[in-house]
Amino acid sequence: GTLVSMKNALDKMGLDWIMITDPASNYTGALAAGYRFGSWDLSDPEVSIAGSAWMELQGRSQGLNNSLNGLPFIVGEEISTQSKSAQSDQIQKIALLSYNHTKFIPGTVNEGLRPLFSLSNRLQEMTSQPFAFAYAAYPAREELSSIVGSIVPWSTKNYQIALSHRQFSGLQVWSGRHARKTPSTSVKDNQNVNPFDKDGNFGELFDVNWPVEHQQALNRWSELIGKNLKPVRKIFISAGSDAYGDLNYSEQGVVQLAWSDNALGKVRTLVYSPVGKDSPSFLQALRNGRSVVTDGPVMIFGMDRDNDQQIRRYPPETINPGKDIIIGDHTILVPGERPKFLVEWKSTPEFTDSKTISIWNMVRINPDGSQCKEEDKVLSGANLEGTLEWEESQSLKPGSYAYRLYLVLYDTSNPAAWKFKHACYTNPIWV
């Protein structure tokens, strides 16, 4: 869709902002048979054209933002990088999602090793812009292709290199939603196959299980937090619909086997920015991990220092005695103090109905990297919002810990086989 149609869709969905990026392969030249993939050669005129187009998008977006009081358009970039330090017969790449930078960084993996385009050098290119930051894109994805270069999961070495750069903020652990089969009752039109049935519902799940790569990315994120507690090196998560401009749904696969309801804004990052709905405030909050990721319900937590039964802090980047501790913080407890958190959640009938069960839990990551959680807990009844308190059962031993929450909604229409519906994952609080 166009920028204007995206803005209209965001308004209808009640969303405030959208991140617009170019594909990691930097499609540049147009050929009769399709597209040629961008060259690593910075002198390539096609790369200059791509850079100009990206700068033009920056300008157009900023012009619209100025007329809309600062949001909703944030322009970023997917940046390709080679994943290995040794030559390989097969082209392999990983990608970064960059934010808050104004310099176009070209490149695809369609030739042999070029040290200039290593992960380290890609991040180094962002150092001239002190507020720029990046996330690992598709960190657990594996897609083999001899044409555009194979995407491989981020390796331990990749993370070690990335975490040595202050520009690296974390992992994009969630990209898109389930694919579904086309229902036999779908309405056919002259241009497309409509994946909705006559009642406006999607067909049966095409990928029945929760996508493995998402869970793998979440597991790796928790593991990295545990390995970076001495000293604390904060690592955050983000999410997006990866909708490629699709406002309603998108195809899955080369042949039309299935469609996904990962349309614009279906999977999203909720950012806490009470200072204002403007790009600088939003980007600062996102960079500092004041966020949760969700495709439906919302759950947040913190330390209610002012005892007003809600987690709020204004301004969010000022931590003073008596002010709430919020997601993304690192706080020091007094000796013998047990961590105590206020948890808030909210959903809507779109996500939670009489056949939905909501499961939540607090995960503690210990100084030795191990993880601890209690048995999963069920939110009371069919309430769509509420608060509760959670407190450690005993004082913690000296050291740094990280706490994070998750909320998962299941469809219990078939009591013998619950189906995943929606989820929310918070960024941590370090103590």
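Student: Which residues of helix 4 (residues 156–163) are buried?

Tutor: In this predicted model, the buried residues of helix 4 are Asn 158, Tyr 159, Ala 162 and Leu 163.

Student: Why do they lie on the same side of helix 4?

Tutor: Start with the general idea. An α-helix has 3.6 residues a turn, so residues three or four places apart point the same way. In this case, the buried residues cover an arc of only 120 degrees around the axis, so they sit on the same side of helix 4.

Student: Which exposed residues does the face turned away from the buried side carry?

Tutor: That face of helix 4 carries Lys 157 and Gln 160.

Student: What do the buried residues of helix 4 pack against?

Tutor: They pack against two strands and two helices: strand 6 (92–99), strand 9 (168–175), helix 3 (119–124) and helix 5 (212–227).

Student: How should I read backbone angles?

Tutor: Most residues other than glycine have a negative phi, and most peptide bonds are trans. Against that background, look at the loop between strand 16 and strand 17, where Asn 307 lies. Phi of Asn 307 is positive, near 55 degrees, and Asn 307 is exposed at 64% relative accessibility. Gln 309 lies in the loop between strand 16 and strand 17 too; its phi is near 60 degrees, and Gln 309 is partly exposed, at 44%.

Student: Which peptide bonds are cis?

Tutor: One is the bond joining Lys 230 and Pro 231, with omega about -5 degrees. Pro 231 is in the loop between helix 5 and strand 11 (236–240). Another runs from Tyr 314 to Pro 315, with omega near -10 degrees. Pro 315 belongs to the loop between strand 16 (298–302) and strand 17 (340–346).

Key: Residues numbered from 1 in each chain as written. Predicted model: local features only at pLDDT ≥ 70, side-chain atom pairs only at ≥ 80, totals over all residues. Heavy atoms only, no water. Buried < 20%, exposed > 50% of the residue type's maximum accessible area, 1.4 Å probe, protein only. Helix = DSSP H or I, 4+ residues; strand = E, 2+ residues; numbered from the N terminus. Arc of directions from axis to C-beta. Contact = heavy atoms within 4.5 Å.
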